[in-house]
Amino acid sequence: MASDRLKGRKAIVTGAASGIGAAVAARLAADGAQVFTADVQGAVDFTADLTGENANADLVAAAIARMGGLDTLVPCAGISAFCPLEGHDDAYFQRVLAVNLVAVFRLVRDAAPHLKAHGAGRIVTIGSTTSSYGDEGLCAYSASKHAVLGFTKSVAAELGPFGVTANCVQPGASDTPMTAPAFARMPEYRTFWEGKAPLRRLGQPQDIADVVAFLCSDDARFVSGHGMWVDGGAMARH
Ligand code: NAD
């Protein structure tokens with residue numbers, strides 16, 4: 001439910017043209033935040049491939065020029081595909097790491113001075129249940145998502161003294177354009193995840209966005225360094 005709990009907040013959301021990022025941008029705005037959106041496609045405030053060396057520094061500068069400050073980061077941009085280990089060529093592995101990890105690192109690094117100066121900055125990265133477990137066909141993806149969780153914990157340790165919290169939301173299998181091709185090709189994969197979740201369904205972008213908004217809010221002021229499964233209970237069940 002919309003509120004004014006993020007009134008006065010100034011947020012960057014990447015991957016905001018689609019799926020979870022779009023839902024996060026809408027939810028933060030509904031809670032009163034100013035939101036500066038970025039993506040490589042779609043109608044957003046800043047259009048760029050965020051793997052470019054200076055893309056995240058440029059994004060931070062553009063967001064500050066528009067909003068007059070910056071205190072909240074939600075890097076949602078990500079890529080995923082199923083690929084067997086022996087089909088992972090170097091370029092594929094490096095591309096997955098570049099989007100899912102290196103771009104997140106650069107955004108957080110380049111925005112850190114502004115979040116520290118604010119005194120109550122918020123960072124919510126998007127991991128995955130594969131930040132905690134592996135899965136067939138997801139070697140590069142799972143490596144990138146494990147790394148994002150570890151990165152987030154270290155950021156929490158380093159920026160905590162400046163009042164900045166950093167948490168990693170770990171969605172379970174969710175209904176988005178990212179997963180649509182795999183679910184269409186392997187309907188049994190969709191059925192498996194629906195059945196594994198005690199709540200008996202896939203995640204929807206809104207399920208994830210609502211938790212992100214909580215972690216960006218003052219209600220979560222003492223939550224930091226946390227990896228949080230948002231997966232209908234799937235990973236808690238053997
Ligand atoms: P999505 O494909 O709907 O959205 C991802 C967005 O990221 C797209 O708009 C895409 O254009 C953008 N993007 C990709 N590469 C980019 C780049 N180089 N520069 C800028 N933008 C780029 O996918 P989604 O499911 O909404 O995924 C959002 C996040 O959630 C991702 O980090 C993903 O790994 C994570 N996640 C998704 C699921 C799921 O089941 N859908 C599960 C766990 C985690």
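**Close-up views of the ligand site and pockets**

**View A. The ligand sits in the largest pocket.** The model shown is predicted. Helices α1 (19-30), α3 (90-118) and α4 (139-159) are the elements that each give two or more residues to the shell around the ligand. That shell holds 31 residues, and S18, I20, D39, Y141 and T176 come nearest. By class, 15 shell residues are nonpolar, 12 are polar and 4 are charged.

**View B. Ligand oxygen atoms pair with Y141, K145 and S174.** A polar atom in the side chain of Y141 is 2.6 Å from an oxygen atom of the ligand. For K145, a side-chain N or O atom lies 2.9 Å from a ligand oxygen. S174 uses its backbone instead: an N or O atom there is 2.7 Å from an oxygen atom of the ligand. On its own, the ligand has 820 Å² of accessible area, and the protein covers 93% of this.

**View C. The largest pocket encloses about 1,100 Å³ of space.** Its lining counts 50 residues; G78, I79, S80, Y141 and M178 are the closest to the pocket centre. Two or more lining residues come from each of α1, α3, α4, α5 (180-185) and α6 (187-196). The lining divides into 25 nonpolar, 18 polar and 7 charged residues.

**View D. The second largest pocket holds about 170 Å³ of space.** Of its 13 lining residues, L202, G203, V230, D231 and G232 are closest to the centre. This lining has 7 nonpolar, 3 polar and 3 charged residues.

Methods: Residues are numbered from 1 along each chain as its sequence is written. This is a predicted model: local features need pLDDT of at least 70, side-chain atom pairs count only at pLDDT 80 or more; totals for chains, interfaces and linings use all residues. Side-chain values use heavy atoms; hydrogens and water are left out. A residue is near a molecule or strand if one of its heavy atoms lies within 4 Å of it. A polar contact is a pair of N or O atoms within 3.5 Å; within protein, one must be able to donate a hydrogen and the other to accept it, and residues adjacent in sequence count only if both atoms are side-chain atoms. Accessible areas come from the Shrake-Rupley method with a 1.4 Å probe; for residues, only the protein chains shown count as cover. On a 1 Å grid over the protein atoms alone, a cavity is a set of points where a 1.4 Å probe fits but cannot get out, and a pocket is an open set with protein on both sides within 12 Å along at least five of seven lines; lining residues have an atom within 4 Å of a point. A molecule sits in a cavity or pocket if more than half of its atoms lie within 2 Å of its grid points. Helices (H or I, at least four residues) and strands (E, at least two) are DSSP runs, numbered from the N terminus. Ala, Val, Leu, Ile, Met, Phe, Trp, Tyr, Cys and Pro count as nonpolar, Asp, Glu, Lys and Arg as charged, and the others, Gly among them, as polar. Grid points are joined across faces, edges and corners, and a volume is the space filled by probe spheres set on the points.
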